[in-house]
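Subject: Structure for your files

Hello,

Here is the structure I said I would send. My notes on what was found in it follow below.

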There are 2 protein chains.
Amino acid sequence: MKALWLEDRELSVRDVPAPLCEDEALIRVRVSGICGTDLELVRGYYPFTGVIGHEFVGDVVASPDADWLGARVVGDINASCGACEQCLAGRPTHCEARTVLGISERAGAHAEYLTLPVANLHRVPDSVSDEAAVFTEPIAAAVEILAQVPIGPGDRVLLVGAGRLGQLIAQVLATTGADLAVVARHDRQKALLHARGIRTLEPDGVEPRRWDVVVEATGSPSGFGLAAAALRPRGTLVLKSTYRGDVTLALAPFVVDEITIVGSRCGPFEPALALLESGAVDPVPLIEATFPLADAVEAVRVAGEPGTMKVLLRP
Amino acid sequence: MKALWLEDRELSVRDVPAPLCEDEALIRVRVSGICGTDLELVRGYYPFTGVIGHEFVGDVVASPDADWLGARVVGDINASCGACEQCLAGRPTHCEARTVLGISERAGAHAEYLTLPVANLHRVPDSVSDEAAVFTEPIAAAVEILAQVPIGPGDRVLLVGAGRLGQLIAQVLATTGADLAVVARHDRQKALLHARGIRTLEPDGVEPRRWDVVVEATGSPSGFGLAAAALRPRGTLVLKSTYRGDVTLALAPFVVDEITIVGSRCGPFEPALALLESGAVDPVPLIEATFPLADAVEAVRVAGEPGTMKVLLRP
């Protein structure tokens with residue numbers, strides 16, 4: 001099958017053997033999405049050789065459980081062992097032996113086919129298009145914030161960062177009825193948010209020590225600094241980006257102000273699908289281009305240009 | 001009156017006017033305790049000129065509310081305005097206009113007299129000695145951890161640091177029935193903990209990625225690193241010390257492992273007094289020496305020697 005292969009920071013579209021695993025479902029990919037993590041893998045921030053990609057929607061064409069045959073599905077990207085301490089404690093996304101679709105020890109979704117355990121699959125409601133369903137994984141990551149931090153009407157919530165993931169986080173946070181504002185730098189970012197009725201702020205327009213919850217989605221030290229300064233005493237700072245390299249910071253203010261910092265990664269798929277089905281979250285306007293898988297190298301280049309939102313691939 | 005005065009990093013015992021404030025209670029100090037924060041003030045980590053000291057027990061000798069006259073009391077060290085956003089939101093210890101006994105804009109407790117608002121006072125139960133009651137403030141700071149993080153039987157709780165504050169935190173954590181261990185370096189620290197039936201570990205004996213909650217009470221980057229490495233995924237790191245200067249750290253692991261970091265400062269006095277009354281916490285073995293206030297400069301020197309636990313002053 002055709003797939004987007006990463007090796008030594010070099011991408012190529014090549015013919016590779018289709019994945020084979022009788023214990024897992026075989027899925028023919030309809031659409032896959034290029035994510036910031038894909039770009040970081042290409043830049044070598046994580047070691048990985050193989051087929052990248054972890055955002056997808058596809059059809060089950062073979063399965064150990066016949067009930068899934070023919071289903072249009074999305075899938076949790078963390079395949080867990082079910083037997084380690086993390087799994088037994090109800091934290092399967094933190095499984096000590098996990099493999100991660102297109103990220104760690106498991107061939108990914110920028111390909112004609114992929115396999116995943118049946119336990120990872122979620123049926124896509126008929127009313128949700130492929131172009132929307134392919135966003136389920138990053139929307140689930142945004143929903144994880146709500147699973148970790150109670151946010152409701154009346155809470156002052158600031159999101160720092162309005163890029164690829166930030167746009168989805170903004171839409172998910174907007175469903176809570178919180179007093180939400182988003183720090184956005186680029187006109188296109190702002191326009192997309194304003195079209196959803198979401199307020200934006202310039203970085204220098206953020207009132208310090210005001211916000212109950214601040215979500216940091218830039219992954220940059222300057223974003224972290226802005227987010228920390230915006231929090232009120234006993235506020236909560238959610239870290240929703242992985243930071244490359246070390247960050248130097250003064251910890252004393254976090255103690256004096258009794259700040260809570262919450263690291264946040266993968267989230268639950270079912271609420272994400274529910275948000276897509278209801279229309280409360282609409283990711284489709286974020287799509288900038290769709291490339292055939294054969295042109296995936298060019299697609300990744302475009303996805304990596306500053307300000308690009310979502311680029312999709314079709315096998 | 002006689003008081004321990006700090007100015008330009010120099011301590012002296014001098015005669016100063018007794019504090020005068022008709023809106024507040026006037027308290028004659030029975031005993032005061034020398035705390036790590038006092039030592040940091042002397043080292044110039046915070047700017048403060050005046051009478052230092054914030055741990056005390058004393059008698060109310062004048063009060064706008066006659067019910068308090070003659071009462072033996074301890075007192076919340078943060079005097080709040082009652083009118084700012086933090087006060088109105090129920091966070092008086094974070095009052096934007098707060099003064100802090102012997103720390104910020106308010107004369108402290110290493111003196112013959114101090115004043116505090118009546119709202120800050122707590123009566124000391126008759127069965128609690130002066131020598132125990134003088135520890136109410138740091139015990140309250142330890143209790144703050146339980147107010148912020150649910151800890152119960154079956155939780156694996158690691159405390160890093162067994163000094164002055166660490167000893168009290170250990171005793172408070174032991175009341176929860178958690179599986180508790182304390183990283184202690186010095187024999188005297190270990191002996192005090194073992195006498196309370198609390199288990200200790202060497203730094204290199206800490207199993208990584210095992211602990212549900214880790215409390216960091218060293219305030220050092222090495223302590224922070226040890227604490228972070230000990231946490232299991234989705235664990236909680238409580239920062240119970242103020243860190244001097246900047247700390248350089250990789251934030252990505254906190255995101256990947258979805259760690260929660262909680263800054264923790266001052267806590268509630270009533271539960272602290274209840275722990276003293278029941279005997280569940282007994283701080284008296286931590287007392288190493290009691291000096292007359294006239295010898296307070298020497299007392300601070302002794303308190304600053306490595307390994308010294310608690311030094312008290314008597315006016």
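**The sheet and the helix on it**

K2(A) has D15(A) as its bridge partner in β2(A). Please keep in mind throughout that this is a predicted model. The two residues belong to a longer pairing: strand β1 of chain A, residues 2-7, runs antiparallel to β2(A), and six bridges join the two strands. Helix α10 of chain A, residues 296-303, packs on this sheet and touches both β1 and β2 of chain A. The direction of the helix makes about 150° with that of β2(A).

The sheet itself is open and has three strands, in the order β2-β1-β4 in chain A, with antiparallel pairing. β2 (10-15) and β4 (50-51) of chain A are at the edges with a single partner strand each, so each has one side without a neighbour in the sheet.

**The same helix in chain B**

For α10 I also have the burial pattern in chain B, where the helix again covers residues 296-303. The buried residues there are A296(B), A299(B), V300(B), V302(B) and A303(B). Looking down the axis of α10(B), these buried residues fall within an arc of 160°, so they line one face of the helix. The general background is that an α-helix has 3.6 residues a turn, so residues three or four places apart point the same way.

**Salt bridges**

Side chains of opposite charge can pair when their charged atoms come close. Over all chains, the search of the whole structure found 38 salt bridges. Three of them, in chain A, are described here.

- D130(A) and R30(A) form a salt bridge in which the closest N and O atoms are 3.1 Å apart. The pair links distant parts of the chain, 100 residues apart: D130(A) lies in helix α3 (residues 130-133) and R30(A) in strand β3 (residues 25-34) of chain A. D130(A) counts as buried because its relative accessible area is 12%, which is under 20%. R30(A), at 32%, is partly exposed. Both residues also belong to a network of salt bridges that links R30(A), D59(A), R72(A) and D130(A).

- R209(A) and D257(A) form a salt bridge with 2.8 Å between the closest N and O atoms. Here, too, distant parts of the chain are linked, 48 residues apart. R209(A) is in the loop between β13 (199-201) and β14 (211-216), and D257(A) is in the loop between α8 (252-256) and β17 (260-263) of chain A. D257(A) is buried, with 12% relative accessibility, while R209(A) is partly exposed, with a relative accessible area of 41%.

- E305(A) and R301(A) meet through their side chains in a salt bridge of 2.9 Å, N to O. E305(A) is partly exposed at 35% relative accessibility, and R301(A) is partly exposed at 45%.

**How the two chains are related**

Two copies of a chain are related by a rotation about an axis and a shift along it. What are the rotation and the shift that superpose chain B on chain A? The rotation is 180° and the shift along its axis is 0.0 Å, with an RMSD of 0.0 Å. The two copies are therefore related as by a two-fold rotation axis. In chain B, T248(B) has the C-alpha nearest the axis, 2.0 Å from it. The same surface serves both copies, since 100% of the contact residues of chain B recur in chain A.

Regards

Technical notes
Residues numbered from 1 in each chain as written. Chains lettered and ligands numbered in written order. Predicted model: local features only at pLDDT ≥ 70, side-chain atom pairs only at ≥ 80, totals over all residues. Heavy atoms only, no water. Pairing = 2+ DSSP bridges. Helix = DSSP H or I, 4+ residues; strand = E, 2+ residues; numbered from the N terminus. Contact = heavy atoms within 4.5 Å. Axes fitted to C-alpha atoms, helices over the stretch in contact; angles between N-to-C directions. Salt bridge = Lys/Arg side-chain N within 4 Å of Asp/Glu carboxyl O. Buried < 20%, exposed > 50% of the residue type's maximum accessible area, 1.4 Å probe, protein only. Least-squares fit on C-alpha atoms with pLDDT ≥ 70 in both. Arc of directions from axis to C-beta.
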